[in-house]
Amino acid sequence: MTSDRTRTRMVERLKKQGITDEKVLEVMGHTARHIFVDEALESRSYDDVALPIGHNQTISQPYIVAKMTEILLESGSLSKVLEIGTGCGYQTAILAPLVDKIYTVERIAPLLKKAKNNLWDLKLKNISYQHSDGGWGWPEQAPFDGIIVAAAPEKVPDTLLEQMAIGGVMLIPVGSKNKQQLFKVTRTEDGYEYEELEAVSFVPFLSGRD
Ligand code: SAH
């Protein structure tokens, strides 16, 4: 269930779904996903579904993780990436080998702790963690050339827009509980460009810390 073969099948499915970036496919193919979910759900860990990780949150479906990573990398090599919504850390694990440094923010303390342990077990060291409301971004480390948001606000937070580097890209789901669109926001010399990508389903972006 948790073997290389199951992961190879997941990668084949990702290719059929339109993921083409070889680097992304390679990392997805060798990163264990079952360690991020509860033992009872391990047998489903490579299915293309979001699964519960406790605290009313979910691990994102593999296709969405691959898609967001692929788009983020289209703009070239990334030295500083801000991730909002660490959850159990799966998206972080996929991004970490592909960028220089990740700053990841999670508002639920026990989830952040779990993510830290998982990512430590995978020997991923280029990650800084913060228990905070991601609506504040991470001002001390801004600007970022990539921002990836795993929870959906009703509108893009201004704070995150301000923390983008010129030429930087942000991937963010925007909308209400049942109707969200994934946006790619690019910061240019003159302002921001918005590209609407596809319909998605993320947990809501909540304020404050738990
Ligand atoms: N990246 C995860 C997905 C986690 S689900 C993965 O790879 O599977 C989204 C996460 O966003 C949840 O853990 C939730 O607690 C967190 N979240 C929601 N609003 C947030 C906010 N304002 N700041 C930080 N984290 C937030």
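These are my notebook entries on what I looked up in a predicted model of a protein with a ligand.

**Ground rules**

I am working with a predicted model, in which local features need pLDDT of at least 70 and side-chain atom pairs count only at pLDDT 80 or more, while totals for chains, interfaces and linings use all residues. I number residues from 1 along each chain as its sequence is written, and the side-chain values use heavy atoms, with hydrogens and water left out.

**Entry 1: the ligand**

I began with the ligand and asked where it sits. The ligand sits in the largest pocket. A pocket here is an open set of points on a 1 Å grid over the protein atoms alone, with protein on both sides within 12 Å along at least five of seven lines, and a molecule sits in one if more than half of its atoms lie within 2 Å of its grid points.

Next I looked up which residues come nearest, and of the 25 residues around the ligand these are Ser60, Gln91, Glu106, Gly134 and Leu206; a residue counts as near if one of its heavy atoms lies within 4 Å of the molecule. Which element gives the largest share of the shell around the ligand? That is β2, with three residues, and the elements that each supply at least two residues include β3 (80-84), α4 (90-95) and β4 (101-106). Helices (H or I, at least four residues) and strands (E, at least two) are DSSP runs, numbered from the N terminus.

I then listed polar contacts, meaning pairs of N or O atoms within 3.5 Å, where within protein one atom must be able to donate a hydrogen and the other to accept it, and residues adjacent in sequence count only if both atoms are side-chain atoms. A polar backbone atom of Gln91 is 2.8 Å from an oxygen atom of the ligand, and a polar backbone atom of Arg107 is 3.4 Å from a nitrogen atom of the ligand. From Asp133 the contact comes through the side chain, a polar atom of which lies 3.0 Å from a nitrogen atom of the ligand. The ligand taken alone exposes 580 Å², and the protein buries 99% of that (accessible areas come from the Shrake-Rupley method with a 1.4 Å probe, and for residues only the protein chains shown count as cover).

**Entry 2: salt bridges**

Side chains of opposite charge can pair when their charged atoms come close. I searched the whole structure for salt bridges (a side-chain nitrogen of Lys or Arg within 4 Å of a carboxyl oxygen of Asp or Glu) and found six.

One of them joins Arg7 to Asp4, with the closest N and O atoms 3.0 Å apart. Arg7 and Asp4 are three residues apart in helix α1 (residues 4-16), so about one helical turn separates them. I also asked whether each partner is buried or exposed, where buried means under 20% relative accessible area, exposed over 50%, and partly exposed in between (1.4 Å probe, protein chains only). Arg7 is buried, with 7%, whereas Asp4 is exposed, with 54%.

Another bridge in my list, between Lys15 and Glu12, has an N to O distance of 3.6 Å, and these two residues also lie three apart in helix α1, about one turn of the helix. Lys15 is partly exposed at 40%, and Glu12 is partly exposed at 37%. I noted Lys155 and Asp158 too, whose side chains meet in a salt bridge at 3.8 Å, N to O; Lys155 is exposed at 54% and Asp158 partly exposed at 45%.

**Entry 3: Thr69**

I looked up Thr69 in helix α3 (residues 62-74), and at 0% relative accessibility it counts as buried. A polar atom of the Thr69 side chain lies 2.6 Å from the backbone oxygen of Val65.

**Entry 4: backbone angles**

Where is the cis peptide bond that I noted? It runs from Ala142 to Pro143, with omega near 5 degrees, and Pro143 has its place in the loop between β5 (127-131) and β6 (144-149).

I also checked phi, which for Asn56 is near 65 degrees, a positive value in a residue other than glycine. Asn56 is found in the loop between β1 and β2 and is exposed at 76%. Lys123 likewise has a positive phi, about 60 degrees, although it is not a glycine; Lys123 lies in the loop between α5 (109-121) and β5, and is exposed at 62%.

Conventions
1 Å grid on protein atoms, 1.4 Å probe; cavity = no way out; pocket = protein on both sides within 12 Å on 5 of 7 lines; lining within 4 Å.
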